Amino acid sequence: MAVNGYQFDRSKVSAANDANLYDYLNACTSKVLPNRGDELDIIVGTGDVVIQTGTALIQGRLVEITEPLVITLPNAVDGYISITLDLTQINSSSGTPGKSDYSVINNQLRVEFVTTLIQGDTLNNDLIYTFPLAGIEWSSGELNAIKNEDAYSEIFGVPYIYPALNSGVSIISEDYLPGFRMKKGRLQMKGAVITNGPRTLFVLPPEITIKERMGFTLAQVSSVANEKATIYLHTDNRVELLAATNYTKGVWLAIDIDIT
């Protein structure tokens, strides 16, 4: 038959048919879904990352992580944390469909570290798609995980605000613009700046309340191990560089703190 209908009585509907529908209804985008578990938040360790619970819709296929996953990373190797769809693999099952003993082993789905992304269209005959949750970067022996803003666009909600930097403070690169935002009571900062000495980098807007002074030891943009900088958040909303090992190197503004 040249015309197929899928949402009809007694129709045979495949996973690919469903994925085509759900992908279109989601504006043909893949993303982490908001308000599901811990929204696939990522916690960075010294040599691993923990993917928290949550759900993503990836090329129309719903993926759920029901308990935290620990991904151990190769030392000093940059890459990506990926949810991978791999339709070259074959799933297996046991038990009787429709019965309580029925279960499926999904070999077509992995959460993994990869060094290269494969961006195939599994809805149009490609077989592999890697959905990057975060980029993995090592700097001076320290691990950084930079979330994929496209993947988490529904989670981030309010985009990053790029502050006016004070005199004497510069950006490192257009790729690492300094920014801040509030998410669920947490002040989050990203990007990198450089300056030739201690000074206030920028001032947060008055709607953000810093109740007490807080200090952070942050990595510098350096290939030399143990080059650090100390950043303070003040109750008058100043973000101050107090000290740095090397003022010819920038500072990563990797701050994520509950200020409620």
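**Note on the nonpolar cores and a three-stranded sheet**

1. In this predicted model, the largest nonpolar core holds 24 residues. The members that touch the most other members are Leu40, Val49, Ile51, Leu73, Ile81, Phe131 and Leu133.

2. Several strands contribute to this core. At least two residues each are supplied by strand 3 (48-51), strand 4 (54-58), strand 5 (61-65), strand 7 (79-86) and strand 11 (128-139). Strand 11 provides the largest share, with six residues.

3. A second core, separate from the one just described, is made up of 23 residues. Met189, Val193, Ile208 and Ala244 are among them.

4. Leu40 deserves a closer look in the viewer. Leaving aside residues up to four places away in sequence, Leu40 touches Val32, Ile51, Gln52, Thr53, Gly54, Thr55, Ala56, Ile65, Ile83, Leu133 and Tyr152. Of these contacts, Ile51 and Leu133 are named, like Leu40, with the core residues that touch the most other members.

5. The model also contains an open sheet of three strands, which pair in the antiparallel sense in the order 2-3-6. Strand 2 (42-44) and strand 6 (69-72) form the edges, each pairing on one side only. On average, and with direction ignored, neighbouring strands of the sheet are turned by 25 degrees against each other.

6. How many bridges join strand 2 and strand 3? Their antiparallel pairing runs over three bridges. Within this pairing, Ile43 has Val50 of strand 3 as its bridge partner. Strand 3 thus appears in two settings: it supplies at least two residues of the largest core, and it stands between strands 2 and 6 in the sheet order.

How values were computed: Residues are numbered from 1 along each chain as its sequence is written. This is a predicted model: local features need pLDDT of at least 70, side-chain atom pairs count only at pLDDT 80 or more; totals for chains, interfaces and linings use all residues. Side-chain values use heavy atoms; hydrogens and water are left out. A nonpolar core is a set of buried Ala, Val, Leu, Ile, Met, Phe, Trp, Tyr and Cys residues joined through side-chain atoms within 4.5 Å. Buried means under 20% relative accessible area, exposed over 50%, partly exposed in between (1.4 Å probe, protein chains only). Helices (H or I, at least four residues) and strands (E, at least two) are DSSP runs, numbered from the N terminus. Contact means heavy atoms within 4.5 Å. Two strands pair if DSSP finds at least two bridges between them. Axes are lines fitted to C-alpha atoms, for helices over the stretch in contact, and angles run from 0 to 180 degrees between N-to-C directions.
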